[in-house]
Protein chains: 4
Amino acid sequence: MSHNSFGNLLKFTTWGESHGEAIGCVVDGFPANIPVDLKYIQSKLNTRRPGQSKFTTQRNEKDIVKILSGVFNGKSTGSPISFIIYNEDQRSKDYSNIQNKFRPGHADYTYHMKYKNFDYRGGGRSSARETAMRVAAGALSEMLISKITKPKMKITSGVIQIGNEKIKTDKWNENFINKNPFFSPNKGIVEKWEDLILTHRKNGSSLGAIIEVRVKNCPIGIGEPIYQKLDSELSKAIMSINAVKGIEFGTGFNLVELDGTNSSDQMSIKKNKIKFHSNHAGGILGGISSGQEIIFRYVVKPTSSVLSEKSTVTKNMKNSKVRTVGRHDPCVGIRAVPVGIAMTNFVIADLLMISRSKLF
Amino acid sequence: MSHNSFGNLLKFTTWGESHGEAIGCVVDGFPANIPVDLKYIQSKLNTRRPGQSKFTTQRNEKDIVKILSGVFNGKSTGSPISFIIYNEDQRSKDYSNIQNKFRPGHADYTYHMKYKNFDYRGGGRSSARETAMRVAAGALSEMLISKITKPKMKITSGVIQIGNEKIKTDKWNENFINKNPFFSPNKGIVEKWEDLILTHRKNGSSLGAIIEVRVKNCPIGIGEPIYQKLDSELSKAIMSINAVKGIEFGTGFNLVELDGTNSSDQMSIKKNKIKFHSNHAGGILGGISSGQEIIFRYVVKPTSSVLSEKSTVTKNMKNSKVRTVGRHDPCVGIRAVPVGIAMTNFVIADLLMISRSKLF
Amino acid sequence: MSHNSFGNLLKFTTWGESHGEAIGCVVDGFPANIPVDLKYIQSKLNTRRPGQSKFTTQRNEKDIVKILSGVFNGKSTGSPISFIIYNEDQRSKDYSNIQNKFRPGHADYTYHMKYKNFDYRGGGRSSARETAMRVAAGALSEMLISKITKPKMKITSGVIQIGNEKIKTDKWNENFINKNPFFSPNKGIVEKWEDLILTHRKNGSSLGAIIEVRVKNCPIGIGEPIYQKLDSELSKAIMSINAVKGIEFGTGFNLVELDGTNSSDQMSIKKNKIKFHSNHAGGILGGISSGQEIIFRYVVKPTSSVLSEKSTVTKNMKNSKVRTVGRHDPCVGIRAVPVGIAMTNFVIADLLMISRSKLF
Amino acid sequence: MSHNSFGNLLKFTTWGESHGEAIGCVVDGFPANIPVDLKYIQSKLNTRRPGQSKFTTQRNEKDIVKILSGVFNGKSTGSPISFIIYNEDQRSKDYSNIQNKFRPGHADYTYHMKYKNFDYRGGGRSSARETAMRVAAGALSEMLISKITKPKMKITSGVIQIGNEKIKTDKWNENFINKNPFFSPNKGIVEKWEDLILTHRKNGSSLGAIIEVRVKNCPIGIGEPIYQKLDSELSKAIMSINAVKGIEFGTGFNLVELDGTNSSDQMSIKKNKIKFHSNHAGGILGGISSGQEIIFRYVVKPTSSVLSEKSTVTKNMKNSKVRTVGRHDPCVGIRAVPVGIAMTNFVIADLLMISRSKLF
């Protein structure tokens, strides 16, 4: 059972609410003697951190992560690694006017119905703030992967569509991704996205996004059929991220318009290596990594907190109106990018360890 | 750890290869004293069974399921329920010519690389034959759900697109679904699909499909954030089905083209009940069922086994050609429909039981 | 969740009732390409089989085990291995007179209260017949251990006490164990035990036993603190065997009469190897194997089915008397020996695999 | 997988080392809306706290526990509950002289061999300090049990033997247990134990103990055969406590000297209720609670840290001598009492929840 845990051999458990005293994460099953670089972990958290540009929320959290256990003299000890971030910017008065109303598109209503209580202070547990801890766990798992993959596995991810403006994915400039506030792999689109976001912010609205993830040098053979397939586990992982509503691998939904003659990736030998002629499968066959680049995309719905007024109901079952005046991301999909990378790293690290346990 | 198991409190484990002596499934955690109707389970298996129409494979398996344990005097005992289907039609000679070649689009290559062995007799464990047992487990879990949901929860599912021919999903005729060989909820498209499939079969090719699932009367509050969300678990379940390459909930990938003002489902009170004005979320908010209809879609790639010749490599790393002459589904997506229903039933039954364990 | 499953990375799930059509077991997570010797597995089952001597029950089950999946050309494939034993000797009329009575010392009453049903035909799921499948799973896991331990790990186990007649454990003749019907490691006691058992059988009574298990060459470092310690996992495993009521490691309960100066095992270097001066800890420190011989003991209560009449109650809550006239073991502890070995093998194989997943 | 987690539906995960910055625990799966009384939890921690009397270690830890998440307005929210205790008294210089030596009886050697590192500062993760968090988790689970058991379930536990001085367990004075520094249920023995302990402390030695646990009003039907039996789960739980080397239920190891005519607990109806004539089974039949008092005992070996000099080896494989001059418990078994209670509460709460999930 794993309500708030993710993973199998390698597992993390997150805890904490957006407006509580702290949030945290315990990573269990992490092997001993892996160098743990806290600065690197912090740098990954910084990419997810709010307040970085005018295109994300102005909520100001420094998100300084501390390690409380499991690391001794710079290396993992084999014991659980406990991360903590103390919450600083808890301006909860922003939320007081909506205390009794279910914000449409948020989890207020379902949490209220499920738990018979609801932490109105910014969503409590359902807040995207929880994802900060995933970034820490993911960065940690990346250190493990780095140590055992040769050539080194590498995940890159970028936003490929905001609103109705999409990039051509064959123009994927990996180096540009971290040089713009949208994690765009394509320079040409940046100006359009700026306009789009500023217009929507002005109108009190928000935008959705599609994100692509690419994994280079994932070892062959990762994934445990039938129910721990690599794509199953990644889907579970990515769908657990706030506001994600769909995921597809390789050619994905467009596969329906190809026929069987053209949709499977043919192979041949070139220079003693197997080469695939295409990558419709997204690097996964039968739930197992094939050694090709792993490619998948997911969609993040527009931020539900908008300034424009919406119909809703109160906890007392009265009709009401609500508008959200707090500081929110005009396109929450942007900040999902480092979270998706983290979850992908973690899934692969876990499956890699499982895979190694079977080697005899 | 659950390589070949699915579920948490309610769990099934499948075993068996497509050309072995039998396939089977053990369902553990099923409550006692639930009436178990073997005829109903068999009827569900019959909908997945091959050889039903000229639009599916002509492989002839009667797929008669037996229960070997866990049921006494027509009721569950609380002990594990063991299903078995003895394989009959094992015409393995069909496969002998491809014994040393990796069929493109299949799991031959990755299984070979992972396990250093490969059961060439029809895919062995990676064959869709395994899904027969999911249908049995799903039908069983449906009996549990029926007993505890009022009004009774009901899942319907149909094919909404084959190749480039899609139906309008607002023309969803539930009653028609089981009256045509495509599980189409729409009469108008049937002739087009017949033509499409017969043409592709003739050309030695195959087609992909998109399937929609709708769940009425799912109780509110199902799903355990943050890592056992209803949509996470469903995604994991559906993505584990052979040839599925993507899943989306509610408005799904199209949400990217809506803005935040229009994409969240507003609510109001009508006749003392909460009514949502739309269903972009697909009935799930924050990973928890909202009481709205749950709606999701998934894509099944075109059958990889086609008559036309393809480039591939042999186990000895030589270039080669392969064509599959066995009996195969021209559109394997059709037979995925009952499997998707089964997995959906199972996921919900499991989460329902978890949810009940928390009631005090 | 694992009601009827045992293990973690390596897991088995048993199913079936003593008087149903068959019993079975699915082993999941077993690595590929391990030679699987069905004859060896059968030979282990034969040591547990009833009807072997006049000192065990005369119920005659051949217990022929079949493998239905997961083995191809004599080797494991990496897919689940399904074992089945069809029940033959189902003389259920023996039980008809007790259909409505709770047999004292048996699980009749608690199963009835828990499941609101009870399979009166020989205990159903609570019957020790289920342990046959553990022996199969244990023998399988032994093949895995054999392949990876050097020098080869070896488990021996014998009965060291029946009734009030105990052997001196320093007179442990490993070779004698399989040459007598009691699994006694000591020849001198055999005659006493024969007399004891025959006397008790004649009187319609039965006897308890204490069993010792010794594991040589268990690799150092097995066990995952804090909650998957080797001794925790072994205790869970052994306590799940029918009629076991206690377990102790090394000097066990007698440690209370030693003081701290004498109870911890001192160490020194001899010929470049660490040598312990004693083995009070039973080869486990902090839940991790130390490389010393692992030693533990468990107690099996006297068979509850006896001929002498006992007070009990009926399902209708009336006072009644019951005597069991079926064929039963006068000392069920004897037949627990191979089950204890099997569980020990399985626990160690599972923890060994976990341990290997952490090696970098 | 659960190296540092315990439980199933209700689960806790502990983290932290004895000389790190803090220790903590995350409880997941705890139902919503249960009143959480932090003062009660603290009071339970105080019973385990060192420095309470001259019969326990003088290490002075206030062990003030804080809750960082999962509780809002005095009630559980359904989200993970995070406990933390900041370490205060980290006098690690006590340990500096033994930095390179394996202390006999401790986990130093096996941790070193397993993890290739060892936290010499007081045992790190293997220190009994970890058990403080179990007491917090156990006290929390007790609040859940209190809410749903009628009559209220109650666990009492006391030391029944120290060294060779044992009490008569039929002289069990529940009220006296918390009025003496030994958790003795019997006044007569207190003076003997005082002498024993002071003598051993003076001699630089230490003592073992046997502890008995009694559970009144445990609901009938708790435990999930075959591999989540109540006694299996309790054994796993108790054996995970530092220094425990054996456990037995009911009459336990002494059952070997009874015969089958006398060892099973007969039943009869008195005043419309089932009454057992004895309790050899310790309240558990077939792994399921019978409604009788649950009784078990476990042995705690003498504290391994003693003043007297012992032979050992260094990390560099040299022969050496070691004596432990820190502040240690002369009889660590005493402080195990609240830990055993906590684990018992937790196991039962978890199984209770599982049991409720099956009710239809």
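How many residues of chain A are in contact with chain B, and how many of chain B with chain A? In this predicted model, 87 residues of chain A are in contact with 88 residues of chain B. The side of chain A that touches chain B draws at least two residues from each of several elements, among them strand S1 (5–7), helix H2 (108–115), strand S10 (209–216) and helix H5 (230–239). Strand S11 (244–249), helix H6 (260–263), strand S12 (267–270) and strand S17 (310–313) of chain A likewise each supply at least two residues of this side. Sorted by class, the residues that chain A presents to chain B comprise 32 nonpolar, 40 polar and 15 charged.

The relation between these two chains was examined by superposition. A turn of 180° with a shift of 0.0 Å along the axis lays chain A on chain B with an RMSD of 0.0 Å, and the two copies are thus related as by a two-fold rotation axis. Among the residues of chain A, A:Lys236 comes closest to this rotation axis, its C-alpha lying at 2.5 Å. Because 100% of the interface residues of chain A are also interface residues in chain B, the copies meet through the same surface. Strand pairing also links the two chains: S11(A) and strand S11 (residues 244–249) of chain B pair in the antiparallel sense over three bridges, with A:Glu248 standing opposite B:Gly246 in S11(B).

A further contact joins chains C and B, in which 35 residues of chain C are in contact with 35 residues of chain B. On the side of chain C that touches chain B, at least two residues come from each of strand S2 (11–15), strand S3 (22–28) and strand S4 (66–69), and S3(C) gives the most, with four residues. By class, this side of chain C has ten nonpolar, 17 polar and eight charged residues. Chain C is superposed on chain B by a rotation of 180° with 0.0 Å of shift along its axis, at an RMSD of 0.0 Å; the same surface serves both copies, in that 100% of the contact residues of chain C recur in chain B.

In chains C and D, ten strands form an open sheet with antiparallel pairing, in the order S9(C)-S8(C)-S10(C)-S16(C)-S11(C)-S11(D)-S16(D)-S10(D)-S8(D)-S9(D). Strand S9 (165–166) of chain C and strand S9 (165–166) of chain D stand at the edges, each with a single partner strand, so that one side of each is left without a neighbour in the sheet. At the chain D edge, S9(D) runs antiparallel to strand S8 (residues 154–162) of chain D, to which two bridges join it, and D:Glu165 in S9(D) is the bridge partner of D:Ile162.

Helix packing was also examined in chain D, where the axes of helix H1 (residues 38–48) and helix H7 (residues 333–357) come within 8 Å and cross at roughly 155°. H1(D) and H7(D) are therefore roughly antiparallel to each other. Their contact is made by D:Lys44, D:Thr47 and D:Arg48 of H1(D) and by D:Arg335, D:Pro338 and D:Val339 of H7(D), residues that divide into two nonpolar, one polar and three charged.

Conventions:
Residues are numbered from 1 along each chain as its sequence is written. Chains are lettered from A and ligands numbered from 1 in the order in which they are written. This is a predicted model: local features need pLDDT of at least 70, side-chain atom pairs count only at pLDDT 80 or more; totals for chains, interfaces and linings use all residues. Two residues are in contact if their C-beta atoms, placed from the backbone, lie within 7 Å. Ala, Val, Leu, Ile, Met, Phe, Trp, Tyr, Cys and Pro count as nonpolar, Asp, Glu, Lys and Arg as charged, and the others, Gly among them, as polar. Copies are superposed by least squares on the C-alpha atoms of residues with pLDDT of at least 70 in both. Axes are lines fitted to C-alpha atoms, for helices over the stretch in contact, and angles run from 0 to 180 degrees between N-to-C directions. Angles under 35 degrees count as roughly parallel, over 145 as roughly antiparallel, 65 to 115 as roughly perpendicular and the rest as oblique. Two strands pair if DSSP finds at least two bridges between them.
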